[in-house]
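Student: I should like to examine how the terms used for a structure follow from their definitions. May we go through them together?

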Amino acid sequence: MFIVMIASECAPVAKVGGLADVVFGLSRELEIRGNDVEIILPKYDCMRYDHIYGLQQVFNDLWVPYYDRWVHCSVFFGFVHGRKCFFIDPHFEKDFFNRGIFYGSDDDPDRFAFFSRAALEFMLKSDKQPDIIHCHDWQTGLVPVLLYEIYKHLGMTRPRVCYTLHNLKHQGITGEYILHETGLNRADYYFDYNRLQDNFNPFAINLMKGGIVYSNFVTTVSPRYADEIKYSSQNNGLGHTLYIHENKFGGVLNGVDYDVWNPETDVHIPYNYGAGNIHVKYGNKEALRHRLLLRQDYKPLVAYIGRLDSQKGVELIRHAIFYSLGHGCQFVLLGSSPDHEINSHFLHLKHHLNDNPDCHLEIGYSEELAHLIYAGADMIVVPSLFEPCGLTQLIAMKYGTVPVVRETGGLADTVFDADFADKPYHARNGYVFQTFDRPGLESALHRAIGMWYSYPEHFRELMTNGMHYDYSWNHPGGHYLNIYDHIREK
Ligand code: ADP
């Protein structure tokens with residue numbers, strides 16, 4: 001099968017969060033299973049160019065409609081750790097992708113609507129007729145709309161579209177201008193509750209809604225999140241749309257790329273280990289302490305890795321730091337936020353805890369340090385308010401690091417409580433709490449710390465139980481192929 005992924009992120013070259021890991025990991029799995037996969041991305045100036053092999057311009061004369069003019073674009077091709085990637089580079093005064101950031105400009109809807117149109121124009125002009133176009137999140141929500149309303153009539157009749165929702169917090173709610181920008185000129189037609197009109201604001205266009213309405217199949221990144229966004233307020237207004245389209249909607253749990261995240265082969269950690277020799281893991285704990293100037297002591301090391309965002313439970317992350325330090329643990333945090341206020345709050349906290357030999361807060365982004373933390377920590381906290389899938393708990397488990405998580409979305413689908421899960425002991429792999437508040441978090445963290453100190457052999461079982469789960473792309477890869485087959489038959 002020929003599959004084209006169109007996305008705003010792909011690990012490790014353009015990564016903000018889990019979306020990037022999914023685009024790379026799923027593409028790799030689909031290729032391993034014998035499919036031809038290409039990925040189309042914007043050519044950001046801030047990409048990790050050192051991870052692109054053989055980058056070269058392959059298409060010089062791509063002209064993309066933009067309002068009533070045409071914008072000249074070049075298309076580059078390169079391999080990203082074996083994946084075939086095309087990068088679209090528009091040349092015009094707005095410099096859409098030369099701003100030193102992936103997201104966060106006021107004109108983000110403008111930038112990614114243009115990218116969606118450019119990706120289709122590129123496919124048309126280069127005669128690509130994939131069986132499947134797989135696009136992701138609001139940034140590429142217009143792809144199925146443009147395909148169905150414009151490009152189908154220009155001859156692109158073959159592709160079917162699978163659209164994956166990674167997070168309903170960001171939907172690309174924007175103004176009517178986006179229609180004129182992308183050549184969807186009949187505003188009355190698109191401003192319809194059954195098409196692109198936002199469900200709350202009748203004067204706004206919702207790009208994610210467009211993606212849902214026009215795609216042949218819609219997935220989200222875990223079965224629990226699929227339920228939550230259909231039936232609870234977590235959908236930020238798209239619940240009814242998902243309900244209307246429920247026959248083409250389902251949850252597929254994300255996988256983790258075990259080529260990248262594997263303690264047995266990881267090149268970023270000093271001591272490789274597996275479930276059979278898990279004691280070797282403690283060499284990494286020592287190395288982590290050494291690197292972050294923490295004292296070597298008989299204490300569990302609790303970690304947090306991730307964006308510092310209200311979704312992730314910033315207040316509970318902060319509380320986890322103090323609770324852990326107050327209950328005989330060390331704490332390491334690696335994270336950052338695009339929100340200036342949250343960032344400076346944690347920088348202030350870092351300053352406050354600077355001399356504490358049991359705590360290190362690293363405010364920033366470091367792929368390589370993340371590997372060492374996953375390998376060196378005993379526990380990882382993920383106290384999210386909501387979590388579509390969550391990759392950190394899955395990666396942590398692969399490294400024998402016990403997750404302490406709130407029961408929501410993908411966390412609920414993948415972490416099973418050591419004391420209360422409705423599963424045999426060998427299938428339990430972490431600690432889970434329900435209420436999004438301090439007592440909730442404490443109830444789980446307290447049990448985890450107690451187990452580490454009082455029943456180390458049981459704690460070790462939990463560690464290896466987690467390592468034995470297969471959260472690779474193996475299962476999800478099969479599910480996605482079934483979905484592709486299903487929509488191709490229609
Ligand atoms: P989200 O997509 O909501 O950000 P996920 O848990 O799905 O959260 O994915 C987060 C991914 O980003 C993981 O691979 C995690 O290791 C990585 N990550 C997040 N923050 C950082 C950071 N500051 N440094 C390194 N890696 C990070």
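Tutor: The following exchange sets computed values against definitions.
This is a predicted model, in which local features need pLDDT of at least 70, side-chain atom pairs count only at pLDDT 80 or more, and totals for chains, interfaces and linings use all residues. Residues are numbered from 1 along each chain as its sequence is written, and side-chain values use heavy atoms, with hydrogens and water left out.

Student: Why is C135 in no bond with C162?
Tutor: A disulfide is a pair of cysteine sulfur atoms within 2.5 Å. The closest cysteine sulfur to that of C135 belongs to C162 and is 8.0 Å away, so the distance is too great for a bond. By this rule, the count is zero disulfides. For C46, the nearest cysteine sulfur is that of C10, 14 Å away.

Student: Why does C135 count as buried, and what makes C46 partly exposed?
Tutor: Buried means under 20% relative accessible area, exposed over 50%, and partly exposed in between (1.4 Å probe, protein chains only). C135 has 0% relative accessibility and therefore counts as buried. C46 has a relative accessible area of 25%, so C46 is partly exposed.

Student: Why is Y243 called partly exposed?
Tutor: Y243 has 45% relative accessibility and therefore counts as partly exposed.

Student: How do you know that D21 and K312 make polar contacts with the ligand?
Tutor: A polar contact with the ligand is a pair of N or O atoms within 3.5 Å. A polar side-chain atom of D21 lies 3.1 Å from a ligand oxygen, and a side-chain N or O atom of K312 is 2.9 Å from a ligand oxygen.

Key:
Polar contact = N/O pair within 3.5 Å; in protein donor to acceptor, adjacent residues only side chain to side chain.
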